[in-house]
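Biologist: Please show me how one reads a sheet and a cavity in a protein model.

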Amino acid sequence: MVDRITWDHNIKKEYLTTSEIKQLSSTSYEECQELYRAGLFSIYTGLRRSDILALRWENIIFERGRKAYMSFTIQKTSCHVHLPLSIQAVKILESHKSRGKVFPNLTATLITAHLDKWIRKAKINRHITFHCFRHTFAMQLLNKGIDIYTIAALLGHKQVASTQNYAKITPEKVLEAIFKMDK
């Protein structure tokens with residue numbers, strides 16, 4: 001009999017700070033350009049690795065102006081979502097095509113082989129996984145004052161409780177709350 005794995009939601013979830021995002025984005029990674037693009041796209045969209053690998057140009061809808069959306073079915077939950085893209089995410093897709101995978105040469109094996117090298121090259125000295133990019137997206141939104149329900153929708157979570165595992169309150173947010181009480 002196989003023992004069931006119990007998930008510990010109290011394990012610290014790593015995420016990149018704003019300055020680390022800048023470090024990473026300014027550190028090109030020629031050895032695997034698609035990892036560079038896909039990693040930053042995940043940071044700006046919150047997509048899981050499985051959804052990044054499955055994402056097709058047919059799932060990206062460009063409208064007039066700078067508006068763009070993703071419309072796809074999330075691999076993990078089978079939920080269909082229609083999500084707006086930020087300007088940063090759209091810039092990553094600047095050389096868009098009309099058909100096929102957005103990151104056609106990227107595989108889980110390539111991510112595993114190259115992610116740590118890219119992180120080290122950017123001089124980020126923590127254990128950062130591809131899933132940490134999703135945490136980074138959630139924490140960036142939380143730090144900008146976006147409510148947990150909106151973050152849950154953007155992450156494609158069915159329940160807000162799932163989002164709460166990502167959104168840990170930072171010391172800065174605690175201080176900000178106390179300062180608001182003093183006004």
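Modeller: The sheet comes before the cavity in what follows. This is a predicted model, in which local features need pLDDT of at least 70, side-chain atom pairs count only at pLDDT 80 or more, and totals for chains, interfaces and linings use all residues. Residues are numbered from 1 along each chain as its sequence is written, and side-chain values use heavy atoms, with hydrogens and water left out.

Biologist: In what order do the strands form the sheet?

Modeller: Strands are DSSP runs (E, at least two residues), numbered from the N terminus, and two of them pair if DSSP finds at least two bridges between them. Here 3 strands form an open, antiparallel sheet in the order β1-β2-β3. At its edges lie β1 (60-62) and β3 (80-84), each pairing on one side only.

Biologist: How many bridges join β1 to β2?

Modeller: There are 3 bridges between β1 and β2 (residues 68-73). Phe62 has Ala68 in β2 as its bridge partner.

Biologist: How does one find empty space?

Modeller: Rolling a probe the size of a water molecule over the atoms shows where empty space is left. A cavity is a set of points, on a 1 Å grid over the protein atoms alone, where a 1.4 Å probe fits but cannot get out; lining residues have an atom within 4 Å of a point. The volume is the space filled by probe spheres set on the points, which are joined across faces, edges and corners. The whole structure has 1 cavity of 30 Å³ or more. The largest cavity holds about 50 Å³.

Biologist: Which residues are the closest to its centre?

Modeller: Of the 13 lining residues, they are Leu47, Phe72, Ile74, Arg134 and Leu155.

Key
Helices (H or I, at least four residues) and strands (E, at least two) are DSSP runs, numbered from the N terminus. On a 1 Å grid over the protein atoms alone, a cavity is a set of points where a 1.4 Å probe fits but cannot get out, and a pocket is an open set with protein on both sides within 12 Å along at least five of seven lines; lining residues have an atom within 4 Å of a point.
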